[in-house]
Amino acid sequence: MVVTSRASVSRISRIEGYHVGFRPEPALGNAQTFIRRRDFLLVCVVTACGKRGWGEVFNSPFAAGAFIRAKLAPLFAGRTVHDRQPLFEAMRAALAYDKRGAGRMALSAMDMALHDAAGQVLGQSVAALLGGPLRTRVAAYASGPFMVEGEGYGRYPAEVARYLEAGFRAVKPRAGLSPAADGRMVAEIRALIGEDCGLMVDINQGYTLAGALESLRRMEEAGLMWVEEPLPPENLTGYRQLARTSRVALAGGEALGSPAAFREFLEADTFAVLQPDPTVCGGFTGYRQISALGMAYDLPVIPHSFGTIVNAMAALHLAALEPARRGGGPADYPYVEVDMTDNPLLALRAIPVGGDGAIGLSDAPGLDLDLDPGELEPWLGEHWSIELG
């Protein structure tokens, strides 16, 4: 009889990286740019017993991959999936001055993959691993439409109608073409979806303070749940003035990395909704730290997610852990974001929206991905692997 120890089963034996990407057709337009290429890094933590945990970098994937190989992967040698907090702190120490950039994103992916692998080894979902979900269905919103070159908001009514047919009861179009166009667009969408559906807009950091003030003034009669990132995150003074002047709730945080960065915005009384992205703010561990800050300020915290199926599932598990709060929409907070663009790396697994406008949470181990690396082949640009002995 062979006795296998707990440590040997859960030991981390290998770290793999998969650089994947594709060209969206048509290009995705927001207030700042047209996205013509979407690149990601999917990180896989492999255990001695063959379990795989997945993490994602959706911004700066190439720099984050280099940082993982040079700085973070060696920290995992001799460690097990039970060492989540020690590894988080070891990785955080390795960041040095990089509190928001590619290093923080590399840490985020590794923490995410480590939690997924731990859930696989222990036979628990990530939500259960983190204390247990508060709900088994999470309200969802359709993230789209995007602007199309030469057409502006022209395709929005048809796209939003498609979202409603799919079961969504809340939609978030991209805005920022101009304040006047923004006002007309949200009025048209509100008339289309009716008063019982949620409507929010994302400006993607596209305006100056003056432009944002005028845009929000023209949109405020549409009954928006929030306006997301009307200014760059560096403009804390502008956010403070905007929050004091506008009647529309402000949301943001996807570009903020550390709890200290969120603390600055909270102390300035800017955001009404916090949106940390697990791939930016430190994975599951970092997100939970920021969620505690939101609790201290009595604000709803909802995960931002606009990438592959990995972060989409991570966001679903995190949203299931957030306490319910009323925000004026068709359902209580939290919500989970669903990318409505033609994204093959999100379509690797189905995310069905029910008639209640919500997505069900599985109790399968980890993130319930069971993702085989071979499935990534059509979009794979580079693969690397680091043996940890």
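# Cavities, pockets and a helix pair

Student: What makes up the lining of the second largest cavity, by class?

Tutor: In this predicted model, that lining has five nonpolar, three polar and two charged residues. The residues are Ser305, Phe306, Gly307, Thr308, Ala312, Glu337, Val338, Asp339, Leu346 and Ile351. Phe306, Ala312, Val338, Leu346 and Ile351 are the nonpolar ones. Gly counts as polar, so Gly307 joins Ser305 and Thr308 in the polar class, while Glu337 and Asp339 are charged.

Student: Why is this space called a cavity?

Tutor: The name applies because a 1.4 Å probe fits at its points but cannot get out. The volume of the second largest cavity is about 40 Å³. Strand E13 gives the largest share of its lining, three residues.

Student: How many cavities of 30 Å³ or more are there, and what is the volume of the largest?

Tutor: The count comes to three, and the largest cavity holds about 50 Å³.

Student: Which residues line the largest cavity, and which elements supply at least two of them?

Tutor: The lining consists of Ala312, Met313, Leu316, Val336, Glu337, Val338, Ile351 and Ile359. Helix H13 (309–319) and strand E13 (335–339) each supply at least two of the lining residues. Ala312, Met313 and Leu316 fall within the range of H13, and Val336, Glu337 and Val338 within that of E13.

Student: What makes one residue of that lining charged?

Tutor: Glu is among the types that count as charged, so Glu337 is the charged residue of the lining. By class, the lining has seven nonpolar, no polar and one charged residues.

Student: Why is the space of about 670 Å³ called a pocket?

Tutor: A pocket is an open set of points with protein on both sides within 12 Å along at least five of seven lines, which is why the name is used. The largest pocket contains about 670 Å³ of space. It is lined by 27 residues, and Ile35, Phe58, Asn59, Asn204 and Glu254 are the closest to its centre. Strand E4 (38–47) and helix H2 (61–72) each supply at least two residues of the lining, and E4 gives the most, with three.

Student: How do the residues of that lining divide by class?

Tutor: They divide into ten nonpolar, nine polar and eight charged.

Student: What is the volume of the second largest pocket, and what lines it?

Tutor: Its volume is about 250 Å³. Of its 18 lining residues, Pro26, Leu28, Glu159, Thr341 and Asp342 are the closest to the centre. Two or more residues come from each of strand E2 (28–29) and helix H6 (156–165); the largest share, three residues, is that of H6. The lining as a whole has ten nonpolar, three polar and five charged residues.

Student: What makes helix H10 roughly parallel to helix H12?

Tutor: H10 (residues 259–267) and H12 (residues 283–296) pack at an angle of about 20°, with their axes 10 Å apart. Angles under 35 degrees count as roughly parallel, so the pair receives that description. The crossing of H10 with H12 is right-handed.

Student: How do you know which residues of H10 and H12 are in contact?

Tutor: Contact means heavy atoms within 4.5 Å. By that criterion, Pro259, Phe262, Arg263 and Leu266 in H10 meet Gln289, Ile290 and Leu293 in H12. These residues divide into five nonpolar, one polar and one charged. Arg263 is therefore the charged residue, and Gln289 the polar one.

Note on methods
Residues numbered from 1 in each chain as written. Predicted model: local features only at pLDDT ≥ 70, side-chain atom pairs only at ≥ 80, totals over all residues. Heavy atoms only, no water. 1 Å grid on protein atoms, 1.4 Å probe; cavity = no way out; pocket = protein on both sides within 12 Å on 5 of 7 lines; lining within 4 Å. Points joined across faces, edges and corners; volume = space filled by probe spheres on them. Helix = DSSP H or I, 4+ residues; strand = E, 2+ residues; numbered from the N terminus. Axes fitted to C-alpha atoms, helices over the stretch in contact; angles between N-to-C directions. Parallel < 35°, antiparallel > 145°, perpendicular 65-115°, else oblique. Left-handed = near helix turned anticlockwise from the far one by under 90°.
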